[in-house]
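Let's walk through this fold together, strands first and helices after. Keep the model open as you read.

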Amino acid sequence: KSAPEKQVALAFDVYGSSEGLVHSLWALASYHVFGTFFINGTFIERSPVETKQIAVSGSECASLFFTDADLTSVPFVVDENFIRRGLARTEDEFYQCTGKELSLLWHAPYYKTTDAVKQYAKNAGYEYQDALCSGVICSDSPAEQIASIDTMMAALEKNGGGCIPVVVGRNNSAVYLYDYLDLLMSALLDAGYSI
């Protein structure tokens, strides 16, 4: 009996800007693999051309909710109606922009959520995607960047696979994983993972 296939998913979290998007799409195409792009509703409104690029890339498109609010500490009531409206609004914006449907996969902004929020979305027909490890490399040192990828690889090995989030767009001075997608995908494929 052969060993089970080792699998990993790359989840591209598209928030504010489109910085890193073209490189991410190019890297995926270069390796002939697809990712899942979790797209924020306000990004769709601000960046329709980039949203269309994602939609035609062949990768799966999913919901990152409408706003990037922390759903565990927003200043308003996060009830089932609020979650349904945020997910539905993102679906509507995506369809109006691309003519395509979002998949019924989602995750909360920055993966900050509660069991109740997950249940509200499940009641609306959505499946929640958890992350395995961070998609931000917090160092400008090449040695530490490689160490971060090694840490991700170790977590994947320990868990038998998983999902690695890759944040698209810069919101601060951190070095983002999308800058090192070639290195990451090469390491994944060399280790025998199916992406």
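Here is how some of the strands and helices fit together.

A quick note on ground rules: this is a predicted model, where local features need pLDDT of at least 70, side-chain atom pairs count only at pLDDT 80 or more, and totals for chains, interfaces and linings use all residues. Residues are numbered from 1 along each chain as its sequence is written, and side-chain values use heavy atoms, with hydrogens and water left out.

Start with strand 1 (residues 6-14); helices (H or I, at least four residues) and strands (E, at least two) are DSSP runs, numbered from the N terminus. Strand 1 runs parallel to strand 7 (residues 161-168), with 8 bridges joining them, and pairing takes at least two DSSP bridges between two strands. Here Leu10 has Ile164 of strand 7 as its bridge partner. Strand 1 also pairs in the parallel sense with strand 9 (residues 193-194), over 2 bridges, and there Lys6 partners Tyr193.

Now the helices. Helix 3 (residues 48-55) packs against helix 4 (residues 80-98) at an angle of about 85 degrees, with the axes 9 Å apart; axes are lines fitted to C-alpha atoms, for helices over the stretch in contact, and angles run from 0 to 180 degrees between N-to-C directions. That pair is therefore roughly perpendicular (angles under 35 degrees count as roughly parallel, over 145 as roughly antiparallel, 65 to 115 as roughly perpendicular and the rest as oblique). Pro48, Thr51, Lys52 and Ala55 of helix 3 meet Phe94, Cys97 and Thr98 of helix 4, contact meaning heavy atoms within 4.5 Å.
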